[in-house]
Amino acid sequence: MPSSLCVGYESNLAQVAAHEISSITQLPLVRLKTSFKFFTEYAYVLMVHETHIELAQTGKGAAKPVVIEFASGANDHRRKFGGGKGQDIAKAVGVSKRKGLSVLDATAGLARDAFVLASLGCRVDMCERVPFVREMLKDGLKRASLSLEVSDITSNMVLLEGQLFDHSSAYDVVYLDPMFPHMEKSAAAKKEMAFFRDLVGQDDDADLLLDHAYQLCRFRTVVKRPKGAPYLNGVEPTYKLEGKAGRFDIYVKSSLDSAPN
Ligand SMILES: C[S@@+](CC[C@H](N)C(=O)[O-])C[C@H]1O[C@@H](n2cnc3c(N)ncnc32)[C@H](O)[C@@H]1O
C-alpha cells in the first residue's frame with residue numbers, strides 16, 4: 001500500500017465514516033485542519049466528506065481531485081454523447097448482438113467503462129483489488145443509487161469482493177483494462193488520472209489475467225490496450241478494433257451471432 005496516501009476528514013460529521021474507511025483500507029487517518037492544498041504530510045489524501053469521497057493531491061498546484069460521479073461530468077457526457085452502441089467498446093463487447101449481456105469487468109478502476117456498458121444494457125459485475133479504489137467505487141455507486149437519472153443503470157453494476165482469480169462463475173463477456181506504462185508524450189492521461197496511476201501502480205501481473213478471463217467467458221474476452229501496446233501475455237487476439245487513442249483486442253470463444261437471445 002502506498003505510504004504517500006492517507007485518509008483525511010475535516011468535519012466531525014465525516015469522522016465515523018473516515019475511521020471506517022481507514023480501517024478497511026489500512027491507511028493512516030488524519031484530521032485536516034487546513035485545506036489539502038496546504039497539507040504536505042502526505043502526497044495524496046482520500047478525503048472523506050459528509051457527502052462524498054474524493055482522491056486529492058496535496059500541496060500547491062495540485063490537480064483537480066478525482067471523484068466517482070456517474071450522474072454528471074465526464075461519465076454523464078459520455079453516456080449522452082459518446083456514440084452509444086456505435087462506439088468501439090460497444091462493438092468490442094458485442095452489445096448489439098445480444099440483449100442484457102452479462103459482463104465481468106475484472107479491472108474496474110473508476111468504472112468509466114463499466115458505466116458505459118451498463119448504460120448500453122449490460123449487467124456488469126466488477127472486481128477491483130485496490131482497497132481505496134473500491135471505497136471510491138462504493139461511494140460513487142451509493143450516490144448514483146439516489147439519482148433519478150442514472151440509478152436504473154447503476155443498479156446493473158455490482159462490485160464483487162476479491163479479484164478475478166477469486167471467481168469461477170461464467171459470464172458472457174470478460175472485460176480487461178489493466179494499467180499500462182504510459183506511452184504517449186501528450187499526457188493523454190489527464191493530470192488527475194496521472195496521479196491515480198501513481199497510486200495504483202502498473203499492474204505488472206496483468207499478463208496473468210488473460211487465461212483466467214478466457215476460462216470464465218462464454219463468448220469472448222475483451223482487452224483494452226493503449227495504442228502500440230503489445231498483446232496481453234503475448235497472445236494474438238481473434239481480431240482487434242483500432243481507435244485513435246487505443247485498441248480493443250477481442251478473444252472469441254464462441255460466436256455471439258449464433259447465440260439465442
Ligand atoms: C486502467 S484501470 C481500469 C480503468 C477502468 N476501465 C475505467 O474505465 O475506469 C485498471 C484497474 O484494474 C485494477 N486491477 C488490476 N489488476 C487487477 C486484478 N487482478 N483484480 C482486480 N483489479 C485489478 C487496478 O487496481 C486498476 O484500478
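Me: In this predicted model, which loop holds Asp203?
Reply: We're working from a predicted model here. Asp203 sits in a loop, with one helix on either side of that loop: the place of Asp203 is between helix H7 (191–200) and helix H8 (209–216).

Me: Is Asp203 buried or exposed?
Reply: The cut-off for buried is under 20% relative accessible area. Asp203 comes in at 17%, so Asp203 counts as buried.

Me: Which residue's backbone nitrogen does the side chain of Asp203 reach?
Reply: Start with what Asp203 touches once residues up to four places away in sequence are set aside: Arg129, Pro178 and Met179. With Arg129, the link is side chain to side chain, a polar contact of 3.1 Å. The backbone nitrogen, reached at 2.9 Å, belongs to Met179.

Me: Which atom type of the ligand lies 3.2 Å from a backbone N or O atom of Arg129?
Reply: Arg129 is the residue whose side chain pairs with the side chain of Asp203. On the backbone side, an N or O atom of Arg129 lies 3.2 Å from the ligand, and the ligand atom there is a nitrogen.

Me: How many residues surround the ligand?
Reply: The closest ones are Arg112, Asp113, Glu128, Gln163 and Asp177. Asp113 has a backbone N or O atom 2.8 Å from a ligand oxygen. Counting everything around the ligand gives 20 residues.

Me: What is the phi of Ala111, a residue that is not a glycine?
Reply: Ala111 lies in the loop between strand S5 (102–105) and helix H4 (112–119). A polar backbone atom of Ala111 is 3.2 Å from an oxygen atom of the ligand. At 1% relative accessibility, Ala111 counts as buried. Its phi is positive, at about 65°.

Me: Is Asn233 buried, partly exposed or exposed?
Reply: Asn233 also isn't a glycine, and has a positive phi of about 55°. You'll find Asn233 in the loop between strand S9 (217–226) and strand S10 (239–242). Its relative accessibility is 41%, and the middle class runs between 20% and 50%. So Asn233 counts as partly exposed.

Me: Which side chain makes a 2.7 Å polar contact with the side chain of Asp249?
Reply: Asp249 is in strand S11 (residues 246–252), and at 0% relative accessibility Asp249 counts as buried. Leaving out residues up to four places away in sequence, Asp249 touches eight others listed as Thr221, Val222, Val223, Arg225, Tyr231, Pro237, Tyr239 and Lys240. The 2.7 Å side-chain partner is Arg247.

Me: How far apart in space are Gly246 and Leu232?
Reply: Gly246 is found in strand S11 and is buried, with a relative accessible area of 18%. Beyond four places in sequence, Gly246 is in contact with Arg225, Pro226, Lys227 and Leu241. Gly246 and Leu232 are 14 residues apart in sequence, and C-alpha to C-alpha they are separated by 14 Å.

Me: Which residues have the most contacts inside the largest nonpolar core?
Reply: Nonpolar side chains tend to be buried together in soluble globular proteins. Here the largest nonpolar core has 59 residues, and helix H5 (residues 131–144) gives the most to it, with six residues. The core also draws at least three residues from each of domain 1 (5–57) and domain 2 (73–252). The residues with the most contacts inside it are Leu55 and Phe132.

Me: Which residues does Leu55 contact, leaving aside neighbours within four places in sequence?
Reply: Phe132 is one of the contacts of Leu55. The full list is Leu5, Val45, Leu46, Pro65, Val66, Phe132, Met136, Phe195, Phe196 and Leu199.

Me: What distance separates the centres of domain 1 and domain 2?
Reply: The protein is divided into domain 1 (5–57) and domain 2 (73–252). Their contact takes 13 residues from domain 1 and 11 residues from domain 2. Taken over C-alpha atoms, the centres are separated by 27 Å.

Me: How many disulfides are there?
Reply: A disulfide needs two cysteine sulfur atoms within 2.5 Å. For Cys127 the nearest cysteine sulfur, that of Cys217, is 14 Å away, and Cys127 is in no disulfide. Cys127 is buried, with a relative accessible area of 1%. The count of disulfides comes to zero.

Methods:
Residues are numbered from 1 along each chain as its sequence is written. This is a predicted model: local features need pLDDT of at least 70, side-chain atom pairs count only at pLDDT 80 or more; totals for chains, interfaces and linings use all residues. Side-chain values use heavy atoms; hydrogens and water are left out. Buried means under 20% relative accessible area, exposed over 50%, partly exposed in between (1.4 Å probe, protein chains only). A nonpolar core is a set of buried Ala, Val, Leu, Ile, Met, Phe, Trp, Tyr and Cys residues joined through side-chain atoms within 4.5 Å. Helices (H or I, at least four residues) and strands (E, at least two) are DSSP runs, numbered from the N terminus. Domain bounds come from an automatic or database domain assignment. Contact means heavy atoms within 4.5 Å. A residue is near a molecule or strand if one of its heavy atoms lies within 4 Å of it. A polar contact is a pair of N or O atoms within 3.5 Å; within protein, one must be able to donate a hydrogen and the other to accept it, and residues adjacent in sequence count only if both atoms are side-chain atoms.
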